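Subject: Structure handover

Hello,

Here is the structure I said I would pass on. Please open it first, then read the notes underneath.

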Amino acid sequence: PDPGDPKLPAAERLPALFERVKEQQERMRALEARFVQKRESSLLAAPEEARGSFSFQTPDRVRWEYDSPKAMTVLILGDQMTTWYRDLARADRVNVGKYSGQVLRYLGASGSLQALAEYFDATLVQPKNAGEPFRLELVPRFARIAKRIKSMTLWIDRASYLPVRLRYVEADGDSTEYDFLDLRFNPTLPADRFALELPPSVKVRTIELGQGQSPK
């Protein structure tokens with residue numbers, strides 16, 4: 001059923017939305033978009049804004065390309081994540097190993113609304129107008145999660161059933177918000193999209209999760 005159908009009983013709308021999103025995720029092979037990231041923190045004199053592009057290819061390839069205010073690349077290939085700080089001529093290579101699934105879910109590249117529902121109580125806010133997205137208000141169900149995240153809000157496009165906006169508030173009140181623009185579903189991505197050639201001048205350090213750092 002259409003989760004936006006006003007004739008649908010209120011208790012059936014959230015499960016219907018979950019099923020629609022799950023159906024779309026099962027069809028997904030690739031995804032790309034431009035993004036705007038906004039951060040507010042008590043440690044910042046003013047809100048920070050960053051812009052860039054996001055790419056995802058099943059099952060486990062992710063690239064965040066930050067263009068401003070500082071150029072930075074975050075690339076995940078399977079169980080390895082590389083963050084290249086271009087202005088510092090430094091790159092951190094993290095072997096996430098068995099944590100790969102958790103990292104991908106944290107970065108919003110895999111998982112599902114059903115997975116979120118295991119850890120959060122969800123409230124669906126219906127769009128008032130046809131062009132507005134669905135809005136999910138998520139509050140942690142467990143104290144161990146509430147220690148890190150106070151709440152999350154997820155906006156889902158009612159035509160494509162893809163996430164177009166995400167906002168999470170940390171336990172201390174700091175918040176981060178992502179707006180995804182020009183979202184493309186199953187595009188043909190260039191072969192080198194998930195290749196990262198680091199210049200010889202870049203210092204690379206390898207980090208094993210739960211262990212110390214080893215420079216390379």
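Which residue in β12 does Asp 92 stand opposite? In this predicted model, Asp 92 stands opposite Arg 205. That pair belongs to the pairing of β6 with β12, where the two strands run parallel and are joined by six bridges.

First, the overall picture. The protein has 216 residues, and 38% of them are buried. It contains four helices and 13 strands. About 12700 Å² of the protein is exposed, and carbon and sulfur atoms supply 50% of that area. If you take the contacts between residues at least 6 apart in sequence, 43% of them join residues at least 24 apart.

Next, how far to trust the model. The mean pLDDT is 86, and 89% of the residues reach 70 or more. Among the elements, strand β1 (residues 30-40) has the highest mean pLDDT, 95, while strand β13 (residues 213-215) has the lowest, 45. Over residues 212-216 the pLDDT is below 50, although in the model this stretch has 13 contacts beyond near neighbours in sequence.

Now the strands, which you can follow in order from β3 to β6.

- β3 (residues 61-68) and β4 (residues 72-77) run antiparallel and are joined by six bridges. A hairpin of three residues connects β3 to β4. Trp 64 stands opposite Val 74 in β4.
- β4 and β5 also pair in the antiparallel sense, over six bridges. Two residues lie between them in a hairpin, and Gly 78 in this turn has a positive phi of about 65°. Leu 77 stands opposite Gln 80 in β5.
- β5 (residues 80-85) and β6 (residues 90-95) are antiparallel, with six bridges. Their hairpin has four residues between the strands, and Ala 89 in the turn has a positive phi of about 55°. Gln 80 appears again here, since its bridge partner in β6 is Asn 95.

So Gln 80 has a place in two pairings: Leu 77 stands opposite Gln 80, and Asn 95 in β6 is the bridge partner of Gln 80. When you look at the side chains along these strands, keep one rule in mind: in a regular strand they alternate between the two faces of the sheet.

Then helix α1, residues 10-27. Why does its length agree with what is expected of a helix? At 1.5 Å a residue, its 18 residues should span 26 Å, and the end C-alpha atoms are 27 Å apart. The buried residues of α1 are Arg 13, Ala 16, Leu 17, Phe 18, Val 21 and Gln 24. The spacing in that list can be read with a general rule. An α-helix has 3.6 residues a turn, so residues three or four places apart point the same way. The buried residues of α1 pack against α3 (113-119), β7 (120-125), β8 (134-140), β9 (149-156) and β11.

Last, one loop residue. Is Ala 195 buried, exposed or partly exposed? Ala 195 counts as partly exposed because its relative accessibility is 36%, which lies between the cut-offs of 20% for buried and 50% for exposed. Ala 195 sits in the loop between β11 (175-185) and β12 (203-208). Leaving out residues up to four places away in sequence, Ala 195 touches Arg 63 and Leu 75. Ala 195 and Arg 63 are 132 residues apart in sequence, but their C-alpha atoms are 9.5 Å apart in space.

Regards

Definitions and conventions. Residues numbered from 1 in each chain as written. Predicted model: local features only at pLDDT ≥ 70, side-chain atom pairs only at ≥ 80, totals over all residues. Heavy atoms only, no water. Buried < 20%, exposed > 50% of the residue type's maximum accessible area, 1.4 Å probe, protein only. Contact = heavy atoms within 4.5 Å. Pairing = 2+ DSSP bridges. Expected span 1.5 Å × (residues − 1). Areas by Shrake-Rupley, 256 points an atom, 1.4 Å probe, with all protein chains shown as cover. pLDDT = per-residue confidence, 0-100.
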